[in-house]
Amino acid sequence: MLDFLKDERAQVSIEFILLTGGVVVAAITFYSIQGTITSFANVTANWTANERDVAIQKLTR
């Protein structure tokens, strides 16, 4: 019975370490690509604005 508890505790510890490590890696990844996401959002907004302007010019001619 005690061997089972030791094994179960070891498994829970490993799972906790993996979960914590995964959360840390995800946080670092999101922090590091924050500038990329912002740049992509700016490019998308600029493209949308340009397309809107072209559509307005076509309609008002």
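Biologist: Is Ile-37 buried, partly exposed or exposed?

Modeller: This is a predicted model, where local features need pLDDT of at least 70, side-chain atom pairs count only at pLDDT 80 or more, and totals for chains, interfaces and linings use all residues. Residues are numbered from 1 along each chain as its sequence is written, and side-chain values use heavy atoms, leaving out hydrogens and water. Buried means under 20% relative accessible area and exposed over 50%, with partly exposed in between (1.4 Å probe, protein chains only). Ile-37 has a relative accessible area of 48%, so the label is partly exposed.

Biologist: Okay, and which helix holds Ile-37?

Modeller: Helices here are DSSP runs of H or I with at least four residues, and strands are runs of E with at least two, numbered from the N terminus. The protein has zero strands and two helices. Ile-37 sits in the one spanning residues 34-60, helix α2.

Biologist: How much of the protein counts as buried?

Modeller: The chain has 61 residues to go through. The share that counts as buried is 0%.

Biologist: And how far apart are the closest N and O atoms of Arg-52 and Asp-53?

Modeller: Side chains of opposite charge can pair when their charged atoms come close. A salt bridge needs a side-chain nitrogen of Lys or Arg within 4 Å of a carboxyl oxygen of Asp or Glu. Arg-52 and Asp-53 form one, with those atoms separated by 3.6 Å.
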